[in-house]
Amino acid sequence: MAITGDLRGPDFADIYRDQLLPVWRYVRSRIPDRHEAEDVTSEVFARAWRSWGSFDAARGGVAPWLLRIAQRTVVDWNRRAGRHGALEPIDLDLVETATSDPADLPETVLLAKEVLIEVNQALRELSERERDGIALRFGAGLKMADVGRVLGISTAATKMMLARSLTKLATSLARRHGKPLADQSPLALDDLVDQALARGRSAMPTPELADLVLQLAVLHRPTMPADLPKEVQVCVDCATSAASRIRARWRTSKADRSRGNHRFGVLSAALAWLPLSPICVACTIPVLIVPLVAVGLSLDAAYVLHGLSLFTAPLVALLIWRHVLRHRLQLAIAVGGAGAALLVAHLVGHLVVPDGVPPWSVVADRLGTALLLAGTIIDAIALNRWVVSQRQRLAVAAADFRLAPA
């Protein structure tokens, strides 16, 4: 009998296909080394895969959720590399990438390399948050409201911060050339930036700001390496489970990793409760205690294990619920949750009736154990099938990856 969910969530492979380029552009804009930026991009999607069950579409789109993970990953990476707050060198490789392909420019003109180097230098004078905001807006292409969600500030504060950042950059560039800049900030900034990102000059209040928006749009649109989609897919594949990560360490080359084996999924952590299930019904089926006593376990220790099995039942239900957020098979939590509730009722029976076990508590113990055991197995099958399906779709998406038109 096929086990299928009645509620389908967003597909991770589709998110990977749609969001890889924006994430890469953001990360590349914030990491000065191209090879490190590739590693960070892979880590972003590995973290997103592990946290996929926590994504709630009702609380916002997937783009700000994923870019929030990217922003935290960049911060962690720079902190480990000792770059947090340090003055970074000019990223000449990023400038070379931006000027190498005229087809990717927001306008059909080539901007002088020297101009982009000056803009890159001016960017270093901004704070980390201001540079994050610019990279999210120009690199990832997020709207102001989504940039604010990533940074944890309001939309109004985001617009004010980016307007102030653009003015600071324009003032810095004008000062380098000995030119004054009128004290004006762009007003409808979101629409004006969209115009620049859509291959057209925007009607900024001053020509300097208009040129700056175009230069930032070019600088934050680096070409994505051809092998990055496959590298990200391999990293996500290795992040599926601890066992997968161990297997990945035994593979000696990238070619070996790229082949992958997508027939196997993961073992559900809820299955760890299975050895406790016979002990769970030991007080209502005393014969189950005999093997424990035969191996030298005292009755007191056996009843301690029995209590442990009852106390952990709600935790097993919680694990099943977290898995259901991924595979969307609600039958697993319905069955497992009912079993956990009955086992809690049985535990209450122990506390309320210290002498003997009432009939209703016996039923709760046996039925609850059976239901929780069934829910755990259903969840394990559904989770395994979901993981295998997602890994297969991700591999196909990586092999057939095509960039959407800029």
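**Notebook: helices H17, H18 and H8**

I looked past the end of H17 and found arginine 328 following the helix, with a positive phi near 65°. This is a predicted model, where local features need pLDDT of at least 70, side-chain atom pairs count only at pLDDT 80 or more, and totals for chains, interfaces and linings use all residues. Numbering runs from 1 along each chain as its sequence is written, and side-chain values use heavy atoms, without hydrogens and water.

I checked the length of H17 (residues 313–327). Its 15 residues should span 21 Å at 1.5 Å a residue (1.5 Å times one less than the number of residues). The end C-alpha atoms are 21 Å apart, which agrees. Helices here are DSSP runs (H or I, at least four residues), numbered from the N terminus.

Next I listed the buried residues of H17 (under 20% relative accessible area, 1.4 Å probe, protein chains only). They are Ala313, Val316, Ala317, Ile320, His323, Val324, Arg326 and His327. They cover an arc of only 160° around the axis (from directions to the C-beta atoms), so they sit on the same side of H17. Leu315 and Arg322, on the other side, are exposed (over 50%).

I moved to H18 (residues 330–352), which holds leucine 351. Leucine 351 is exposed, at 68% relative accessible area. With Val344, Val348 and Val352, Leu351 makes a nonpolar surface patch of about 370 Å². Patch residues have over 30% relative accessible area and no salt bridge (Lys or Arg side-chain nitrogen within 4 Å of an Asp or Glu carboxyl oxygen), with nonpolar side chains joined within 5 Å.

Last, I looked up serine 165 in H8 (residues 155–176). Serine 165 is buried, at 0% relative accessibility. Its side chain reaches the backbone oxygen of methionine 161 at 2.8 Å.

Notes
Patches are made of residues with over 30% relative accessible area and no salt bridge: like charges are joined within 9 Å, nonpolar side chains (Val, Leu, Ile, Met, Phe, Trp, Tyr) within 5 Å. Accessible areas come from the Shrake-Rupley method with a 1.4 Å probe; for residues, only the protein chains shown count as cover. Helices (H or I, at least four residues) and strands (E, at least two) are DSSP runs, numbered from the N terminus. A polar contact is a pair of N or O atoms within 3.5 Å; within protein, one must be able to donate a hydrogen and the other to accept it, and residues adjacent in sequence count only if both atoms are side-chain atoms.
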